[in-house]
Amino acid sequence: MASGDNVQTGYSCDDWERHYDTDDLRWDLGEVAPPFERLWEERNISPCKAIIPGCGRGHEAVFLAERGFQITAVDYTRGAVGLLDDALVTKNLPGEVLHLNFFELDAKYNNSFDLMLEHTFFCAINPDMRQEYVTTAGRILKSGALLIGLFYETGEKDGPPFNTGKRDIEECFSEKFEIEILNKTIHSAERRQGKEWLAILKRK
Ligand SMILES: C[S@@+](CC[C@H](N)C(=O)[O-])C[C@H]1O[C@@H](n2cnc3c(N)ncnc32)[C@H](O)[C@@H]1O
């Protein structure tokens, strides 16, 4: 974690990269987040153009690619991008993996995605960047597109992961998104039980 007195300083890109360099992926579930798997069993979410920000090893990206979604995954570390590139090659799956800062996505991606799948990226960024997150999501998603996310209520003051409560989600997203579903999920991985908000947000 970057040094300083402000506990909400967060990680720099180098901090994240160090985790990949030392194979310390303590946030990684080793599989797609179970609530997503459940949601896909319960709802008919048709394959479409999808983006996965802060994709990490990319379990969500692989999950979508295996189901016929046209994926763009974004991470600003070499480590994450390398791992996902390898996974896609091994599984012979198509997909675009971008090595860049999510907030600097090129304007050619404006208004181009039908789905964004959020998993422990919103809680990974400095809370000061949350409005920028909403602005970027709003810019790249088509009107009517879905942002499906798991938001992590850690109950902790510092981070990452930074605490995300129901009101944080409502305050951040209400202007640009309709909140279709916002419930604590009971299907979280064991270590996150009772701490994850499953949100389905629709771009206005
Ligand atoms: C906690 S990890 C989550 C990874 C993955 N989503 C998962 O749930 O396993 C956060 C990831 O976001 C990436 N990240 C953080 N800030 C970023 C930014 N501004 N642009 C792109 N990637 C970023 C980090 O490199 C890291 O891989």
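A helix crossing is right-handed if the near helix is turned clockwise from the far one by less than a right angle. In this predicted model, the crossing of α2 and α3 meets that description. Helix α2 spans residues 34–42 and helix α3 spans residues 59–66. Their axes come within 11 Å and cross at roughly 20°. Angles under 35 degrees count as roughly parallel, and α2 and α3 are therefore roughly parallel to each other. On the α2 side, the contact involves Phe-36, Glu-37 and Trp-40. These meet Glu-60, Phe-63 and Leu-64 of α3. By class, the residues of this contact comprise 4 nonpolar and 2 charged, with no polar ones.

A second helix pair is formed by α5 (residues 130–140) and α6, the latter covering 166–173. The axes of α5 and α6 lie 10 Å apart, and the packing angle is about 50°. That angle makes α5 oblique to α6. The crossing of α5 and α6 is right-handed. Helix α5 contributes Arg-130, Gln-131, Tyr-133 and Val-134 to the contact. From α6 come Asp-168, Cys-172 and Phe-173. The contact of α5 with α6 divides into 4 nonpolar, 1 polar and 2 charged residues.

The ligand is surrounded by 17 residues. The closest are Tyr-20, Gly-54, Asp-75, His-119 and Thr-120. Two of the polar contacts reach oxygen atoms of the ligand from side chains. In one, a polar side-chain atom of Tyr-20 lies 2.6 Å from a ligand oxygen. In the other, an N or O atom in the side chain of Thr-120 is 2.5 Å from an oxygen atom of the ligand. Phe-102 takes part through its backbone: a polar atom there is 2.9 Å from a nitrogen atom of the ligand.

Backbone geometry was also examined. Most residues other than glycine have a negative phi, and most peptide bonds are trans. Asp-23 has a positive phi of about 55°, although it is not a glycine. Asp-23 sits in the loop between α1 (13–21) and α2. Cis peptide bonds occur at two prolines, Pro-160 and Pro-161. The bond joining Gly-159 and Pro-160 is cis, with omega about 0°. The bond from Pro-160 to Pro-161 is likewise cis, and its omega is near 0°. Pro-160 is placed in the loop between β5 (141–152) and α6. Pro-161 is also found in the loop between β5 and α6.

Technical notes
Residues are numbered from 1 along each chain as its sequence is written. This is a predicted model: local features need pLDDT of at least 70, side-chain atom pairs count only at pLDDT 80 or more; totals for chains, interfaces and linings use all residues. Side-chain values use heavy atoms; hydrogens and water are left out. Axes are lines fitted to C-alpha atoms, for helices over the stretch in contact, and angles run from 0 to 180 degrees between N-to-C directions. Helices (H or I, at least four residues) and strands (E, at least two) are DSSP runs, numbered from the N terminus. Angles under 35 degrees count as roughly parallel, over 145 as roughly antiparallel, 65 to 115 as roughly perpendicular and the rest as oblique. Contact means heavy atoms within 4.5 Å. Ala, Val, Leu, Ile, Met, Phe, Trp, Tyr, Cys and Pro count as nonpolar, Asp, Glu, Lys and Arg as charged, and the others, Gly among them, as polar. A residue is near a molecule or strand if one of its heavy atoms lies within 4 Å of it. A polar contact is a pair of N or O atoms within 3.5 Å; within protein, one must be able to donate a hydrogen and the other to accept it, and residues adjacent in sequence count only if both atoms are side-chain atoms.
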